[in-house]
Amino acid sequence: MTTDQILLFTLFGTVLGLLLWGRFRYDVVAFSALIVAVLLGLIDANAAFLGFGHPATIIVALVLVVSKGLMNSGVVAWITRTFVSSERALPLHIASMSSLGAVLSGFMNNVAALALLMPVDLEVAKRAGRSAARTLMPLSFATILGGLITLIGTPPNIIVASIREERLGAPFQMFDFAPVGLACALAGIAFIALIGWRLLPKRADDNAPEDLLELRGYIAELTVQEKSPLIGRKVRDLDDEADDIGVRVLGLVRRGERLPGAARRAEIKAGDHLVVEAAPDAIDTLVGQMKLSFSHEERHRTEAGSDLGLIEAVVPDGSRLDGRSAQSMRLIYRYGVTVLGVSRQGRPFRDRIRNLPLKGGDLLLLMGQPDRLEDTVSDLELLPLAERSRDLTRYRKAGLAAGLFAAAVGHSISS
């Protein structure tokens, strides 16, 4: 072997070892290996970054953008809640979730599809009273299998198509991989649903699903829009649908006043505010499914002209919010941030969210522009529960996103 070959295989072995170790980020390891190869003279410096301009790289990046768009617009969330149920037997649940994961990963990034379906699978496991450890690995396999079906399902398919175009003048089309890929995916899902999940190692905590996911329940107010299907229905009629989402309806606010008790017999009208208790993801789902809106949402979107986010933060003793309400602090006017929900160690309260005097130990669910949220948390001396804010789903854009995506797929087939 030549010196260059020895150095190259040594570099490959080092990269593989670092990836298996997992101490450093994968992208940092890969980029560092490229730089080392240039410094050792194994790669021409003028050609080191040509791969970033390769068509396959651009397509992979665009697939990630499309995946994020489908998630943020609520298209995938609507598909998920339509086809997923906690009442199914375990093999049938694995088959349905795996099929859904395979279909989604055929048209979006595998990791994005898995990231979207994991919280759903965890919530279904909790409601069904079983361990999610028995379903998460099958879901992971299914999203990998689904990527085999289409051209954009997985990066290797895109790379092979680009090489074919360079060599033969014509790339593979969107569904050229489907005959083989679909057969492999169906066979794999059938094995996973019937046999594979039974081969997973059993652990001592498999019968304690309640410990797998601790959902922080916030009390929040959501506005009933003119086109909401809730108009004309009584509050008590929402129990089953709300429970399926993981939401508890606590009452109703009308004309600025909370109706007595839980307002169980009151008919819901446009402009009313539903008082609910739920985790952030469940609140977001309820808004999309029932055509509700968040407090000051329209103002936020008009001013921001961009996506909105949520962030969870703790009010420590002695902070600027300790003993003061969101209205007295004028958060919406001074910071462009709304207190969407409050969690007070499981204790209920009847004050409006904006008028509630906050205390040390309260958990806040804040809504606003992502950059403003982080600045506000720092300025108000709050303690964030996560490093970054999460995006709010823009359900009103679901039809547009689905239409554009369907048009793009149709054009790829016709061409």
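**Stop 1: helix α9**

Start by selecting residues 178-194, which form helix α9 in this predicted model. Its 17 residues stretch 23 Å from the first C-alpha to the last, close to the 24 Å expected at 1.5 Å a residue. This is also a good place to begin for another reason: within the protein chain, α9 has the highest confidence, with a mean pLDDT of 93.

Now show the side chains. Which residues of α9 are buried? They are Ala-178, Gly-181, Ala-185, Gly-188, Ile-189, Ile-192 and Ala-193. Because they cover an arc of only 125° around the axis, they sit on the same side of α9. A helix makes a turn every 3.6 residues, so residues three or four places apart point the same way. Turn to the other side of α9 and you will meet Pro-179, Val-180, Leu-186 and Leu-194, which are exposed.

**Stop 2: the neighbours of α9**

What covers the buried residues of α9? Select α5 (90-107) and α7 (136-146), which are among the elements that do so.

Stay with α7 for a moment. Its buried residues are Pro-138, Leu-139, Ala-142, Thr-143, Leu-145 and Gly-146. Look down the axis of α7 and these residues fall within an arc of 160°, so they line one face of the helix. They pack against α5, α6 (110-128) and α9, so add α6 to your selection.

**Stop 3: salt bridges**

How many salt bridges does a search of the whole structure find? There are eight, and three of them are on this tour.

First, select Arg-352 and Glu-221, whose closest N and O atoms are 2.9 Å apart. This pair links distant parts of the chain, 131 residues apart. Arg-352 is in the loop between β7 (338-343) and β8 (363-368), while Glu-221 belongs to strand β1 (residues 218-224). Are these two residues buried or exposed? Arg-352 counts as buried, at 11% relative accessibility, and Glu-221 counts as buried at 11% as well.

Next, select Glu-241 and Arg-233, where the closest N and O atoms are 2.5 Å apart. Here Glu-241 is partly exposed, with a relative accessible area of 27%, and Arg-233 is partly exposed at 23%.

Then move to Arg-254 and Asp-272, whose side chains meet in a salt bridge at 2.7 Å, N to O. Arg-254 lies in strand β2 (residues 248-254) and Asp-272 in the loop between β3 (257-258) and β4 (273-278), so the pair ties together parts 18 residues apart in sequence. Arg-254 counts as buried at 16% relative accessibility, and Asp-272 is buried with a relative accessible area of 4%.

**Stop 4: Ile-283**

Select Ile-283 in helix α11 (residues 280-290). With a relative accessible area of 1%, Ile-283 is buried. Which residues does Ile-283 contact, leaving aside neighbours within four places in sequence? Display Tyr-218, Ala-220, Leu-222, Ala-278, Phe-294 and Leu-365 to see them. You can also draw a distance from the C-alpha atom of Ile-283 to that of Ile-219: they are separated by 9.7 Å, and the two residues are 64 apart along the chain.

**Stop 5: colour by confidence**

Finally, colour the model by pLDDT. The protein chain averages 81, and 81% of the residues score at least 70. Where is confidence lowest among the named elements of the chain? Select helix α12 (residues 297-304), where the mean is 58. Residues 207-215 deserve a look too: pLDDT stays under 50 there, and the model has 13 contacts for them beyond four places in sequence.

Key:
Residues are numbered from 1 along each chain as its sequence is written. This is a predicted model: local features need pLDDT of at least 70, side-chain atom pairs count only at pLDDT 80 or more; totals for chains, interfaces and linings use all residues. Side-chain values use heavy atoms; hydrogens and water are left out. Helices (H or I, at least four residues) and strands (E, at least two) are DSSP runs, numbered from the N terminus. The expected span of a helix is 1.5 Å times one less than its number of residues. Buried means under 20% relative accessible area, exposed over 50%, partly exposed in between (1.4 Å probe, protein chains only). The arc is that of the directions from the helix axis to the C-beta atoms. Contact means heavy atoms within 4.5 Å. pLDDT is the predictor's confidence in each residue, from 0 to 100. A salt bridge is a side-chain nitrogen of Lys or Arg within 4 Å of a carboxyl oxygen of Asp or Glu.
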